[in-house]
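The following report was requested as a reading aid for a computational chemist who wishes to relate helices, a sheet and a nonpolar core to one another.

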Amino acid sequence: MKKRIVFTGGGSAGHVTVNLALMPHFQEAGWEVAYIGSTNGIEKELVGGLAGVRYVGISSGKLRRYFDWKNVTDPFRVTKGIWQAFCFLRAWQPDIIFSKGGFVSVPVVLGGWMNRLPVVIHESDLTPGLANRLSVPFASKVCVTFPETVHHLPASKGVYVGAVIRSELLNGSRERGISQCGFTPRKPVLLVMGGSLGARRINEVVRSQLQALLTDYQVVHICGKGQGDESLQQAGYRQYEYVTDELPDLLTMADLVVSRAGSNAIFECLALRKPMLLIPLSKTASRGDQILNARSFEKRGFCEVLLEEDLSDTTFLQALKKLGENRSDLLRRMKEDTQADALTQVISLLKNTAS
């Protein structure tokens, strides 16, 4: 009988990326793969059409730290999701569950615990998010990306593995990227990524200063779903709302990167040796995890940091100039960093933990 594994995670692309890196390896090893996510979230867009992956949509509710009338109804949605996850898991009987976090993962972890199934969690950020904090008591192990994170977890559960990097990102082509964008190989490329949820403020500054940027760079701008502006199309500027297959080529082509400080994105840039200007989401828009991520990278000499509270047209151009001036030093420190093979470690841990 074939082994079976369930993946879960959603709410943002960052809660799906690691799952996308892992799933093909289990499929190649002959495992049956299912994914439990929300009925209409970004995880369904990214996973729902994958060959050989059974997608199961469940009811879910957001875990908010602020007042909202939906806080009254969402507990009922979460309860329904727990029951849906429990029933599917009981019928399908996977050997293990892997959770990447996000609000949709909590019902799945609870449903797995109720079925006495082993659960392994992955935490990308320096400090665990709310969904993962709620899930940790029901997990067998918690894989972490930053070594500091193990101090926030029970000693018997935390496992430092490093960053899980999608293998396809390492196979990008600068030539293909230049061709896709209609660029010239003789001018530096600046890649701007705002993330799936936090792009608006970065988009405003980039568009306001686009002509100044184009003086020194060709600009690839990943601006977020529904946030494109077709009136800005011009030579040396290529705009995408979201990228999937093109990302390896765009990252390989880039000389500098401007990004939020989500863990997956910044570790991918580190693996590809791309000096970064990080603009983490502010505490008013998040729990502050991106600020901690950015400061950790800044301390290790991998990036420059510009806090969103300090972001303006002037400070953005100043920070970008500083990034360009320090590019050689940042590259040297990145090349000195040796990352563990997290992908192999997580695969091994999952196989060894499977019931």
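The text below treats the sheet, the cores, two helices and two individual residues in turn.

The model is predicted, so that local features need pLDDT of at least 70 and side-chain atom pairs count only at pLDDT 80 or more, whereas totals for chains, interfaces and linings use all residues. Residues are numbered from 1 along each chain as its sequence is written, and side-chain values use heavy atoms, with hydrogens and water left out. Helices (H or I, at least four residues) and strands (E, at least two) are DSSP runs, numbered from the N terminus.

**The sheet**

An open sheet is formed by six strands in the order 10-9-8-11-12-13, with parallel pairing, where two strands count as paired if DSSP finds at least two bridges between them. Strand 10 (237-240) and strand 13 are the edge strands, and each has a single partner, so one side of each lacks a neighbour in the sheet. On average, neighbouring strands of this sheet are turned by 15 degrees against each other, direction ignored. Within the sheet, strand 11 (residues 256-259) pairs with strand 12 in the parallel sense over three bridges, and Ser259 has Leu278 of strand 12 as its bridge partner. Helix 10 packs on this sheet, where it touches strand 8, strand 11 and strand 12, and its direction makes about 165 degrees with that of strand 12; axes are lines fitted to C-alpha atoms, for helices over the stretch in contact, and angles run from 0 to 180 degrees between N-to-C directions.

**The nonpolar cores**

A nonpolar core is a set of buried Ala, Val, Leu, Ile, Met, Phe, Trp, Tyr and Cys residues joined through side-chain atoms within 4.5 Å. Buried means under 20% relative accessible area, exposed over 50%, and partly exposed in between (1.4 Å probe, protein chains only). The largest core has 35 residues, of which Leu191, Val220, Met253, Phe267, Met276, Leu278 and Phe297 touch the most other members. Among the elements that each supply at least two residues of this core are helix 6 (174-181), strand 8 (189-193), strand 9 (218-222) and helix 9 (247-253). A second, separate core of 30 residues includes Phe7, Ala21, Val161 and Ala342.

**Helices 6 and 7**

The table sets out the buried faces of the two helices, with each arc taken from the directions from the helix axis to the C-beta atoms.

| Helix | Buried residues | Arc |
|---|---|---|
| Helix 6 | Gly177, Ile178 and Cys181 | 95 degrees |
| Helix 7 (residues 200-208) | Ile202, Asn203, Val205 and Val206 | 170 degrees |

The buried residues of helix 6 are covered by elements that include strand 9, strand 10 and helix 9, while the face turned away from them carries the exposed residues Glu175 and Ser179. At the N-terminal end of helix 6, Ser173 acts as a cap, with a side-chain oxygen 3.3 Å from the backbone nitrogen of Glu175. For helix 7, the cover of the buried residues includes strand 8, helix 8 (210-216), strand 9 and helix 12 (313-325).

**Two individual residues**

Arg176 lies in helix 6 and is partly exposed, with a relative accessible area of 44%. Not counting residues up to four places away in sequence, Arg176 touches Asn171 and Asp249, contact meaning heavy atoms within 4.5 Å. His122, which lies in strand 5 (residues 119-123), is by contrast buried, with a relative accessible area of 0%. Leaving aside neighbours within four places in sequence, the contacts of His122 include Val18, Phe98, Asn132 and Val164.

Note on methods:
A polar contact is a pair of N or O atoms within 3.5 Å; within protein, one must be able to donate a hydrogen and the other to accept it, and residues adjacent in sequence count only if both atoms are side-chain atoms.
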